[in-house]
Amino acid sequence: MRYGRTLVACLSLLVGTCTGTAAAGVSVGETAPDFTLPDLDGQEHSLADHRGRLVVLEWVNPNCPFSERHAREGTMIDLVDHHPDLVWLGINSTAEDHRDYLTPEQHAEYNTEHGIDYPILYDVTGEVGHAYGAKTTPHMFVIDEQGKVVYAGAIDDDPYARSDSRTNYVTGALEALEQGRKPEPSSTKPYGCSVKYGG
């Protein structure tokens, strides 16, 4: 099964048409909206269950070349490995009637193929995505132990995958929090494919 499009062929078009600015959802400094969503096995996960821990939310779509590239490169997996005490949750807000929708079984196959072992939650109504203002895949949110959003935006500063020394904004945010500092920058412009919300 083929999940991603060819990155080289699609990258210019996608960056030009699918990037977005920080959305009218939650803002940095505000309390992260609570949610309860099922994972690929149907087990429910609530954000409230993780109060007191650092949480990273990653909006993901396996049929987006940007999500697929970061999965292939291990960008998110490496971050999870280097910060084992945090909670990392992927969220797929692709509508069930969209051509990019994967069933949970198909998404599980994709995870196995790419070595992804953190929970992927399904938000097929888009309610959670809209609450956060998630615009792209990936779109990242870092939530501190008090439940406040302390970073929102891009995973890094290299949408075209051209740099050998890219700046990973989520890494910077996590390191700042571990050192008792506020993340800087606390928000950036996310890049990637648009989140495929319904109707």
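Biologist: Over how many bridges do β7 and β8 pair, and in which sense?

Modeller: Strands of a sheet pair through backbone hydrogen bonds, either parallel or antiparallel. Here β7 and β8 pair in the antiparallel sense over four bridges. Pairing needs at least two DSSP bridges between two strands. Strands are DSSP runs of E, at least two residues long; helices are runs of H or I, at least four long; both are numbered from the N terminus. This is a predicted model, where local features need pLDDT of at least 70, side-chain atom pairs need 80 or more, and totals for chains, interfaces and linings use all residues. Residues count from 1 along each chain as its sequence is written, and side-chain values use heavy atoms, without hydrogens or water.

Biologist: Which residues stand opposite I143 and F141 in β8?

Modeller: I143 faces V149. F141 faces A152. Five residues lie between the two strands of this hairpin, and G147 there has a positive phi near 85 degrees.

Biologist: What is the strand order in the sheet?

Modeller: The order is β5-β4-β3-β7-β8, an open sheet of five strands with mixed pairing. β5 and β8 are the edges, each pairing on one side only. On average, neighbouring strands are turned by 20 degrees against each other, direction ignored. β3 and β7 run antiparallel, joined by four bridges. There, E58 stands opposite M140 of β7.

Biologist: Are the side chains on the faces of β7 buried or exposed?

Modeller: M140 and V142 on one side are buried, and so are F141 and I143 on the other. Buried means under 20% relative accessible area, exposed over 50%, and partly exposed in between, with a 1.4 Å probe on protein chains only. Helix α6 lies across β3, β4, β7 and β8, at about 5 degrees to β7. Such angles run from 0 to 180 degrees between N-to-C directions of axes fitted to C-alpha atoms, for helices over the stretch in contact.

Biologist: How many residues does the largest nonpolar core have?

Modeller: In soluble globular proteins, nonpolar side chains tend to be buried together. A core is a set of buried Ala, Val, Leu, Ile, Met, Phe, Trp, Tyr and Cys residues joined through side-chain atoms within 4.5 Å. The largest has 32 residues, and M140, V142 and W88 are among those with the most contacts inside it. Elements giving two or more residues to this core include α6, β7 and β8. Apart from it lies another core of 20 residues, including I91 and Y132.

Key:
Contact means heavy atoms within 4.5 Å.
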